[in-house]
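User: Please take a close look at one part of this model, the loop that follows the opening strand, and connect it to the core and the open space around it. I would like a careful, connected account rather than a list.

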Amino acid sequence: MIGFYAGSFDPFTNGHLEIVKKASKCFSKLIIGIGYNVDKPERIDKKKMKKAIEETIKEENLNNIEVVLYQGLTIDKAKELNSEILIRGLRNGTDYQYEENISAINEKVAGIDTCYFRAGKLGYLSSSIVMELYNNNKKIDKFVPKAVAQLLYSLRKGEL
């Protein structure tokens with residue numbers, strides 16, 4: 001069975017990685033979909049983030065994972081890739097309420113179900129918090145994988 005874990009991953013955090021690790025144990029293949037959201041400004045180039053995520057997946061020895069870029073509806077990309085289940089991470093009850101509404105629509109429109117994974121001890125972590133720390137020159141190494149931290153620090157120095 002193929003799971004599809006979609007998000008903007010702007011940036012990909014250790015919380016996202018925790019969800020990926022859990023989901024990769026439950027599915028024969030897990031596809032991480034980095035979506036372009038026209039309603040959200042892009043903070044980090046998606047192609048560069050894709051490369052950093054792929055490097056992280058390799059370092060973690062997760063062999064059943066593919067990373068793709070996509071535009072449009074998540075359900076359309078999931079169907080195109082033969083995914084039967086959408087993967088979503090939950091940090092708290094508020095996330096659940098939000099995600100459950102989207103899941104209900106996805107099921108009605110595309111007949112695709114959603115599987116939730118808890119962020120657990122990383123429930124406090126979000127991409128927005130990481131970017132706020134980063135933008136205020138704080139270290140982010142504890143909150144993102146090594147390859148993502150290197151990408152962000154390179155961007156700050158103007159190396160990329």
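Analyst: What follows starts at that loop and then moves outward to the core, the pocket and a few other sites.

The model is a predicted one, and every value below is computed from it. The loop between E1 and H1 holds phenylalanine 9 and also proline 11. Phenylalanine 9 has a positive phi of about 45° although it is not a glycine, and the peptide bond from aspartate 10 to proline 11 is cis, with omega near 10°. Both features stand out against the general pattern, since most residues other than glycine have a negative phi, and most peptide bonds are trans. With a relative accessibility of 3%, phenylalanine 9 falls under the 20% limit and therefore counts as buried.

Ring pairs join Phe9 with Tyr5 and Phe12 in a cluster. Phenylalanine 12, in turn, is in contact with Leu17, Val20, Met49, Ile53, Val144, Pro145 and Val148, once its neighbours within four places in sequence are left aside. Phe12 is also one of the residues that touch the most other members of the largest nonpolar core, which has 35 residues; the others named in this respect are Val20, Ile32, Ile53 and Ile87. At least two residues of this core come from each of the helices H1 (14-26), H2 (46-59), H5 (127-135) and H6 (146-157), and from each of the strands E2 (29-36), E3 (65-71) and E4 (85-90). The largest share, six residues, is supplied by H6. Another core, of 12 residues, lies apart from this one and includes Ile2, Ala6, Leu86 and Ile112.

Helix H6 itself has 12 residues and spans 17 Å from its first C-alpha to its last, close to the 16 Å expected at 1.5 Å a residue. Its buried residues are Ala147, Val148, Ala149, Leu151, Leu152, Tyr153 and Ser154, and H2 and H5 are among the elements that cover them. In the loop between H5 and H6 sits asparagine 137, another residue other than glycine with a positive phi, here near 60°. Asparagine 137 is exposed, because its relative accessibility of 60% is over the 50% limit.

The open space can be described next. The largest pocket holds about 1200 Å³ of space, and 44 residues line it, with Ala6, Gly7, Ser8, Arg88 and Glu99 lying nearest its centre. Two or more lining residues come from each of strand E1 (2-7), H1, E2, helix H3 (74-80), E4, H4 and H5. H4 gives the most to this lining, with seven residues. Glutamate 99 is 20 Å from valine 38 in space, C-alpha to C-alpha, and the two are 61 residues apart in sequence. Valine 38 belongs to the loop between E2 and H2 and is exposed, with a relative accessible area of 81%.

The count of aromatic pairs comes to four. In one of them, the ring centres of tyrosine 96 and tyrosine 116 are 5.6 Å apart and the ring planes stand at 65°, so this pair is edge-to-face. Since tyrosine 96 lies in helix H4 (residues 93-110) and tyrosine 116 in strand E5 (residues 113-118), the pair ties together parts that are 20 residues apart in sequence. Tyrosine 96 is partly exposed at a relative accessible area of 39%, and tyrosine 116 also counts as partly exposed, at 23% relative accessibility.

Key
Residues are numbered from 1 along each chain as its sequence is written. This is a predicted model: local features need pLDDT of at least 70, side-chain atom pairs count only at pLDDT 80 or more; totals for chains, interfaces and linings use all residues. Side-chain values use heavy atoms; hydrogens and water are left out. A nonpolar core is a set of buried Ala, Val, Leu, Ile, Met, Phe, Trp, Tyr and Cys residues joined through side-chain atoms within 4.5 Å. Buried means under 20% relative accessible area, exposed over 50%, partly exposed in between (1.4 Å probe, protein chains only). Helices (H or I, at least four residues) and strands (E, at least two) are DSSP runs, numbered from the N terminus. Contact means heavy atoms within 4.5 Å. The expected span of a helix is 1.5 Å times one less than its number of residues. Rings of Phe, Tyr and Trp (its six-membered ring) pair if their centres lie within 6.5 Å; planes under 30 degrees apart count as stacked, over 60 as edge-to-face and the rest as tilted. On a 1 Å grid over the protein atoms alone, a cavity is a set of points where a 1.4 Å probe fits but cannot get out, and a pocket is an open set with protein on both sides within 12 Å along at least five of seven lines; lining residues have an atom within 4 Å of a point. Grid points are joined across faces, edges and corners, and a volume is the space filled by probe spheres set on the points.
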